[in-house]
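Here are my notes on this model, as numbered points. Please read them with the structure open.

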Amino acid sequence: MHQQSIDRREYNITAYTENQVGLLNRIAIIFSRRKINIESLNTSPSEVEGIHRFNIVVVETEEVVRKIARQIEKQVEILKVYFNPNEDVIWQEMALYKVPTDVIAERALVERLLREHGARAVVIRKDYTVFETTGHREETDKLLTVLQPYGLIEFVRSARIAIIKNSQGFHHQLREFERTEPSHEVSENDYLNSRDKVFTM
(Lines give C-alpha, C1' and ligand atoms only; values in the text may rest on other atoms or scores of the structure.)
Protein backbone atom coordinates (compact mmCIF):
# COMPACT_ATOMS: atom_id res chain seq x y z
CA MET A 1 0.00 0.00 0.00
CA HIS A 2 2.85 2.36 0.90
CA GLN A 3 4.67 1.65 -2.37
CA GLN A 4 1.49 2.27 -4.40
CA SER A 5 1.09 5.64 -2.68
CA ILE A 6 4.67 6.56 -3.60
CA ASP A 7 4.06 5.66 -7.25
CA ARG A 8 1.01 7.93 -7.57
CA ARG A 9 1.59 11.09 -9.61
CA GLU A 10 -0.22 13.42 -11.97
CA TYR A 11 -1.20 12.04 -15.37
CA ASN A 12 -2.83 13.81 -18.30
CA ILE A 13 -5.38 11.68 -20.14
CA THR A 14 -6.14 12.93 -23.66
CA ALA A 15 -9.20 11.58 -25.48
CA TYR A 16 -10.33 12.43 -29.02
CA THR A 17 -14.03 12.10 -29.82
CA GLU A 18 -16.50 12.93 -32.59
CA ASN A 19 -19.48 13.40 -30.26
CA GLN A 20 -19.65 14.99 -26.80
CA VAL A 21 -23.36 14.41 -26.08
CA GLY A 22 -23.72 12.20 -23.01
CA LEU A 23 -20.04 11.24 -23.10
CA LEU A 24 -18.98 13.39 -20.18
CA ASN A 25 -21.40 11.61 -17.86
CA ARG A 26 -20.13 8.17 -18.90
CA ILE A 27 -16.52 9.22 -18.44
CA ALA A 28 -17.35 10.57 -14.98
CA ILE A 29 -18.92 7.21 -14.07
CA ILE A 30 -15.69 5.40 -15.01
CA PHE A 31 -13.81 7.49 -12.46
CA SER A 32 -16.48 7.47 -9.75
CA ARG A 33 -16.73 3.66 -9.82
CA ARG A 34 -13.03 3.48 -9.04
CA LYS A 35 -13.33 6.31 -6.47
CA ILE A 36 -10.78 8.38 -8.39
CA ASN A 37 -10.97 12.16 -8.15
CA ILE A 38 -10.70 14.18 -11.36
CA GLU A 39 -8.28 17.03 -10.61
CA SER A 40 -9.05 18.92 -13.82
CA LEU A 41 -11.22 18.37 -16.91
CA ASN A 42 -11.22 20.42 -20.08
CA THR A 43 -12.97 19.87 -23.41
CA SER A 44 -12.25 21.86 -26.55
CA PRO A 45 -12.12 21.64 -30.33
CA SER A 46 -9.01 19.89 -31.65
CA GLU A 47 -6.81 20.57 -34.67
CA VAL A 48 -9.22 18.44 -36.75
CA GLU A 49 -12.61 19.96 -37.62
CA GLY A 50 -15.50 18.09 -35.99
CA ILE A 51 -13.31 16.28 -33.48
CA HIS A 52 -13.18 17.33 -29.85
CA ARG A 53 -10.42 16.80 -27.35
CA PHE A 54 -10.83 15.96 -23.65
CA ASN A 55 -7.96 16.62 -21.26
CA ILE A 56 -8.39 14.93 -17.87
CA VAL A 57 -5.91 15.23 -15.00
CA VAL A 58 -5.73 12.59 -12.26
CA VAL A 59 -3.28 11.63 -9.54
CA GLU A 60 -2.81 7.87 -9.71
CA THR A 61 -0.38 5.05 -10.47
CA GLU A 62 0.53 4.25 -14.06
CA GLU A 63 -1.22 0.87 -13.81
CA VAL A 64 -4.52 2.43 -12.72
CA VAL A 65 -4.33 5.18 -15.35
CA ARG A 66 -3.66 2.60 -18.06
CA LYS A 67 -6.81 0.69 -17.05
CA ILE A 68 -8.88 3.89 -17.02
CA ALA A 69 -7.58 4.89 -20.47
CA ARG A 70 -8.57 1.49 -21.85
CA GLN A 71 -12.06 1.81 -20.39
CA ILE A 72 -12.52 5.29 -21.87
CA GLU A 73 -11.31 4.08 -25.26
CA LYS A 74 -14.02 1.41 -25.30
CA GLN A 75 -16.70 4.12 -25.42
CA VAL A 76 -18.29 4.15 -28.88
CA GLU A 77 -17.64 7.85 -29.59
CA ILE A 78 -13.97 7.76 -28.56
CA LEU A 79 -11.49 7.66 -31.41
CA LYS A 80 -8.25 7.49 -29.44
CA VAL A 81 -6.96 7.85 -25.88
CA TYR A 82 -3.46 8.69 -24.66
CA PHE A 83 -2.00 9.30 -21.22
CA ASN A 84 1.16 11.08 -20.18
CA PRO A 85 2.90 12.20 -17.02
CA ASN A 86 3.45 15.96 -16.65
CA GLU A 87 7.01 15.87 -17.99
CA ASP A 88 5.70 14.63 -21.36
CA VAL A 89 3.25 17.50 -21.92
CA ILE A 90 3.35 21.29 -22.15
CA TRP A 91 0.53 22.59 -19.96
CA GLN A 92 -0.94 25.79 -18.62
CA GLU A 93 -3.82 26.99 -16.46
CA MET A 94 -5.35 30.46 -16.42
CA ALA A 95 -6.44 32.25 -13.26
CA LEU A 96 -8.50 35.41 -12.60
CA TYR A 97 -8.18 37.53 -9.47
CA LYS A 98 -10.61 40.29 -8.48
CA VAL A 99 -9.15 42.84 -6.08
CA PRO A 100 -10.34 46.26 -4.80
CA THR A 101 -9.16 49.00 -7.15
CA ASP A 102 -8.42 51.40 -4.30
CA VAL A 103 -5.96 48.90 -2.79
CA ILE A 104 -4.09 48.69 -6.11
CA ALA A 105 -4.07 52.48 -6.45
CA GLU A 106 -2.94 53.17 -2.89
CA ARG A 107 -0.36 50.42 -2.49
CA ALA A 108 2.50 50.41 -4.97
CA LEU A 109 3.63 47.14 -3.35
CA VAL A 110 0.56 45.30 -4.63
CA GLU A 111 1.04 46.60 -8.15
CA ARG A 112 4.67 45.52 -8.09
CA LEU A 113 3.74 42.04 -6.83
CA LEU A 114 1.24 41.65 -9.67
CA ARG A 115 3.87 42.62 -12.23
CA GLU A 116 6.38 40.22 -10.71
CA HIS A 117 3.89 37.37 -11.17
CA GLY A 118 3.14 38.31 -14.79
CA ALA A 119 -0.44 39.36 -14.06
CA ARG A 120 -2.20 41.77 -16.41
CA ALA A 121 -5.38 43.78 -15.88
CA VAL A 122 -8.33 42.64 -18.00
CA VAL A 123 -11.04 44.80 -16.37
CA ILE A 124 -10.57 48.03 -14.42
CA ARG A 125 -13.55 49.56 -12.61
CA LYS A 126 -13.87 52.08 -9.84
CA ASP A 127 -14.67 49.43 -7.25
CA TYR A 128 -12.60 46.49 -8.45
CA THR A 129 -9.92 45.37 -10.90
CA VAL A 130 -9.64 41.88 -12.43
CA PHE A 131 -6.18 40.51 -13.16
CA GLU A 132 -5.32 37.48 -15.25
CA THR A 133 -2.26 35.27 -15.14
CA THR A 134 -1.32 32.02 -16.87
CA GLY A 135 1.07 29.33 -15.68
CA HIS A 136 1.41 26.14 -13.71
CA ARG A 137 -0.77 25.59 -10.65
CA GLU A 138 2.00 26.42 -8.18
CA GLU A 139 2.45 29.77 -9.94
CA THR A 140 -1.22 30.74 -9.84
CA ASP A 141 -1.43 29.50 -6.24
CA LYS A 142 1.52 31.66 -5.29
CA LEU A 143 -0.17 34.84 -6.52
CA LEU A 144 -3.36 33.77 -4.72
CA THR A 145 -1.42 33.58 -1.46
CA VAL A 146 0.22 36.96 -2.14
CA LEU A 147 -3.12 38.72 -2.75
CA GLN A 148 -5.06 37.24 0.18
CA PRO A 149 -3.94 39.93 2.67
CA TYR A 150 -4.98 42.73 0.29
CA GLY A 151 -8.72 42.13 0.20
CA LEU A 152 -8.98 39.54 -2.57
CA ILE A 153 -12.66 39.51 -3.58
CA GLU A 154 -12.81 36.55 -5.97
CA PHE A 155 -10.53 33.92 -7.45
CA VAL A 156 -11.14 31.34 -10.17
CA ARG A 157 -8.84 29.00 -12.08
CA SER A 158 -9.46 27.29 -15.39
CA ALA A 159 -9.07 23.62 -16.16
CA ARG A 160 -5.72 22.56 -17.55
CA ILE A 161 -4.96 22.69 -21.25
CA ALA A 162 -2.09 20.55 -22.48
CA ILE A 163 -0.14 19.79 -25.64
CA ILE A 164 1.69 16.45 -25.92
CA LYS A 165 5.40 17.01 -26.60
CA ASN A 166 6.05 13.84 -28.59
CA SER A 167 3.07 14.12 -30.92
CA GLN A 168 2.54 14.47 -34.66
CA GLY A 169 -1.04 15.67 -34.18
CA PHE A 170 -4.34 13.96 -34.76
CA HIS A 171 -4.24 14.64 -38.54
CA HIS A 172 -1.43 12.06 -38.68
CA GLN A 173 -3.45 9.59 -36.60
CA LEU A 174 -6.46 9.95 -38.92
CA ARG A 175 -4.29 9.17 -41.94
CA GLU A 176 -3.15 6.01 -40.16
CA PHE A 177 -6.80 5.07 -39.56
CA GLU A 178 -7.60 5.56 -43.25
CA ARG A 179 -4.78 3.21 -44.29
CA THR A 180 -6.17 0.33 -42.24
CA GLU A 181 -9.34 -1.69 -42.65
CA PRO A 182 -12.13 -1.07 -40.11
CA SER A 183 -11.92 -3.43 -37.14
CA HIS A 184 -14.35 -4.46 -34.44
CA GLU A 185 -11.49 -4.68 -31.95
CA VAL A 186 -10.64 -1.78 -29.66
CA SER A 187 -7.71 0.21 -31.01
CA GLU A 188 -5.57 0.90 -27.97
CA ASN A 189 -2.97 3.54 -27.29
CA ASP A 190 0.47 2.16 -28.13
CA TYR A 191 1.67 3.45 -24.77
CA LEU A 192 -0.97 1.41 -22.96
CA ASN A 193 0.82 -1.73 -24.05
CA SER A 194 4.36 -0.57 -23.32
CA ARG A 195 5.68 0.56 -19.96
CA ASP A 196 9.12 1.57 -21.24
CA LYS A 197 8.43 3.45 -24.47
CA VAL A 198 6.77 6.84 -24.72
CA PHE A 199 4.08 6.81 -27.43
CA THR A 200 3.99 8.85 -30.58
CA MET A 201 0.68 9.85 -32.08
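**Notes on the predicted model**

1. Contacts first. Among contacts in the protein between residues at least 6 apart in sequence, 79% join residues at least 24 apart. Keep in mind that this is a predicted model.

2. Overall make-up. The protein has seven helices and nine strands. Of its 201 residues, 42% count as buried. The exposed surface comes to about 11900 Å², and carbon and sulfur atoms supply 50% of that area.

3. Thr17, position and burial. Thr17 belongs to strand 1, which covers residues 9-17. Is Thr17 buried or exposed? Its relative accessible area is 0%, under the 20% cut-off, so Thr17 counts as buried.

4. Thr17, partners. Which backbone oxygen does the side chain of Thr17 reach? That of Glu77, at 3.0 Å. Leaving aside residues up to four places away in sequence, Thr17 touches Leu23, Gly50, Ile51, His52, Phe54, Glu77, Ile78 and Leu79. Glu77 thus appears both in this contact list and as the owner of the backbone oxygen reached by the Thr17 side chain.

5. Ala69. This residue sits in helix 3, residues 62-73. Ala69 has a relative accessible area of 0%, so it is buried. Its C-alpha atom is separated from that of Ala15 by 8.5 Å, although the two residues are 54 apart along the chain.

6. Lys35. Look at the loop between helix 2 (23-33) and strand 2, where Lys35 lies. Phi of Lys35 is near 55°, a positive value in a residue other than glycine. Most residues other than glycine have a negative phi. The relative accessibility of Lys35 is 76%, over the 50% cut-off, so Lys35 counts as exposed.

7. Second largest pocket, size and centre. The volume of the second largest pocket is about 170 Å³. How many residues line the second largest pocket, and which are the closest to its centre? There are 13 lining residues, and the closest to the centre are Ser44, Arg53, Ile161, Ala162 and Ile163.

8. Second largest pocket, walls. Four elements give two or more residues to the lining: strand 2 (38-45), strand 3 (52-60), strand 5 (89-100) and strand 9 (161-164). By class, the lining has six nonpolar, five polar and two charged residues.

9. Where to look again. I would revisit two places in the viewer. One is Lys35, for its positive phi. The other is Thr17, for the side-chain approach to the backbone oxygen of Glu77 at 3.0 Å.

Note on methods. Residues are numbered from 1 along each chain as its sequence is written. This is a predicted model: local features need pLDDT of at least 70, side-chain atom pairs count only at pLDDT 80 or more; totals for chains, interfaces and linings use all residues. Side-chain values use heavy atoms; hydrogens and water are left out. Buried means under 20% relative accessible area, exposed over 50%, partly exposed in between (1.4 Å probe, protein chains only). A polar contact is a pair of N or O atoms within 3.5 Å; within protein, one must be able to donate a hydrogen and the other to accept it, and residues adjacent in sequence count only if both atoms are side-chain atoms. Contact means heavy atoms within 4.5 Å. On a 1 Å grid over the protein atoms alone, a cavity is a set of points where a 1.4 Å probe fits but cannot get out, and a pocket is an open set with protein on both sides within 12 Å along at least five of seven lines; lining residues have an atom within 4 Å of a point. Grid points are joined across faces, edges and corners, and a volume is the space filled by probe spheres set on the points. Ala, Val, Leu, Ile, Met, Phe, Trp, Tyr, Cys and Pro count as nonpolar, Asp, Glu, Lys and Arg as charged, and the others, Gly among them, as polar. Accessible areas come from the Shrake-Rupley method with a 1.4 Å probe; for residues, only the protein chains shown count as cover.
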